[in-house]
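User: I am new to looking at protein models, and I would like a close look at one part of this one. Please explain each term as it comes up.

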Amino acid sequence: MASAGAVLELQKNSGNWAKVVEEVVKMERKIFPKHESLARSFDEELRKKNSGLLYIEINGEVVGYVMYSWPSSLSASITKLAVKENWRRQGHGVALLVAAIQKCRTRSVQRVSLHVDPLRLAAVGLYKKMGFQVETLVQGYYSSDRSAYRMYLDFDSE
């Protein structure tokens, strides 16, 4: 189940910044509906001080990524997690999520939260498997007819 790709952190001034961001933006456009995609503002989002991006690269191809932020000292959030279709169910999502949770833990936050479409069953299952709990259903989160679960993982209760 383990993948050959290692989880890498995108460094803000690295030589491969443009290439990785370009590949991630392509994935964003393909995987997420237009109004949910950060494709247009991705570069800008990543340059914010309190955000990070981890990705898995296999044979020079970015196959998955997770974006996270820590807006306060108490909480962090997973803002995006995606794996290319042909690379799913191989442990990449788990590896990315584990790495992002670890990064959030180093910030000494007490809670990591995220939003997910209840219809994305594989994603909901992954988050539950990793210990996230459904806090509430947020009506109209993505659009007027699409809601989201707000899920969280608390560290102090371990």
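Among contacts in the chain between residues at least 6 apart in sequence, what percentage join residues at least 24 apart? After that, please take me to the largest pocket and the parts that line it.

Analyst: Happy to help! This is a predicted model, in which local features need pLDDT of at least 70 and side-chain atom pairs count only at pLDDT 80 or more, while totals for chains, interfaces and linings use all residues. Residues are numbered from 1 along each chain as its sequence is written, and side-chain values use heavy atoms, with hydrogens and water left out.

Your question has a short answer: 57% of those contacts join residues at least 24 apart. Contact here means heavy atoms within 4.5 Å. The chain has four helices and seven strands, in the order β-α-α-β-β-β-α-β-α-β-β from the N terminus on. Both kinds of element are DSSP runs numbered from the N terminus: helices are H or I with at least four residues, and strands are E with at least two. Of the 158 residues, 44% count as buried. Buried means under 20% relative accessible area, exposed means over 50%, and partly exposed is in between, with a 1.4 Å probe and protein chains only.

Now to the pocket. Rolling a probe the size of a water molecule over the atoms shows where empty space is left. On a 1 Å grid over the protein atoms alone, a pocket is an open set of points where a 1.4 Å probe fits, with protein on both sides within 12 Å along at least five of seven lines; lining residues have an atom within 4 Å of a point. The largest pocket holds about 1100 Å³ of space. Its 40 lining residues include Leu-81, Ala-82, Ala-123, Leu-126 and Tyr-127, which are the closest to its centre. That volume is the space filled by probe spheres set on the grid points, which are joined across faces, edges and corners.

Which elements build the lining? At least two residues each come from strand S3 (61-69), strand S4 (75-83), helix H3 (92-106), strand S5 (111-116), helix H4 (121-129) and strand S6 (133-143). S4 gives the largest share, seven residues. Sorted by class, the lining has 20 nonpolar, eleven polar and nine charged residues. Nonpolar covers Ala, Val, Leu, Ile, Met, Phe, Trp, Tyr, Cys and Pro, charged covers Asp, Glu, Lys and Arg, and the others, Gly among them, are polar.

Let us stay with some of these elements, beginning with H4. Its residues Val-124, Leu-126 and Tyr-127 are buried. These three lie on the same side of H4 because they cover an arc of only 160° around the axis. The arc is that of the directions from the helix axis to the C-beta atoms. Among the elements that cover the buried residues of H4 are S4, H3, S5 and strand S7 (146-154). On the face turned away from the buried side, H4 carries the exposed residues Leu-121, Ala-122 and Lys-129. Just after H4, Gly-131 takes a positive phi of about 100°.

Strand S3 contains Ser-69, which counts as buried because its relative accessibility is 17%. Beyond its neighbours within four places in sequence, Ser-69 is in contact with Asn-50, Ser-51, Ala-76, Ser-77 and Thr-79.

Helix H3 and strand S5 also bring us to salt bridges. In a salt bridge, a side-chain nitrogen of Lys or Arg is within 4 Å of a carboxyl oxygen of Asp or Glu. The whole structure has nine of them. In one, the side chains of Lys-103 and Glu-9 meet at 2.8 Å, N to O. Lys-103 is in H3 and Glu-9 is in strand S1 (residues 7-9), so this pair links distant parts of the chain, 94 residues apart. Lys-103 is partly exposed at 28% relative accessible area, and Glu-9 is partly exposed at 32%.

In another, Arg-111 and Asp-154 meet at 2.7 Å, N to O. Arg-111 is in S5 and Asp-154 in S7, 43 residues apart. Salt bridges that share partners join Arg-111, Glu-135, Arg-150 and Asp-154 into one network. Arg-111 counts as partly exposed because its relative accessibility is 27%.

For contrast, here is the second largest pocket, with a volume of about 170 Å³. Its lining is Lys-26, Met-27, Lys-30, Ile-31, Lys-84, Glu-85, Asn-86 and Arg-88. By class, that gives two nonpolar, one polar and five charged residues.
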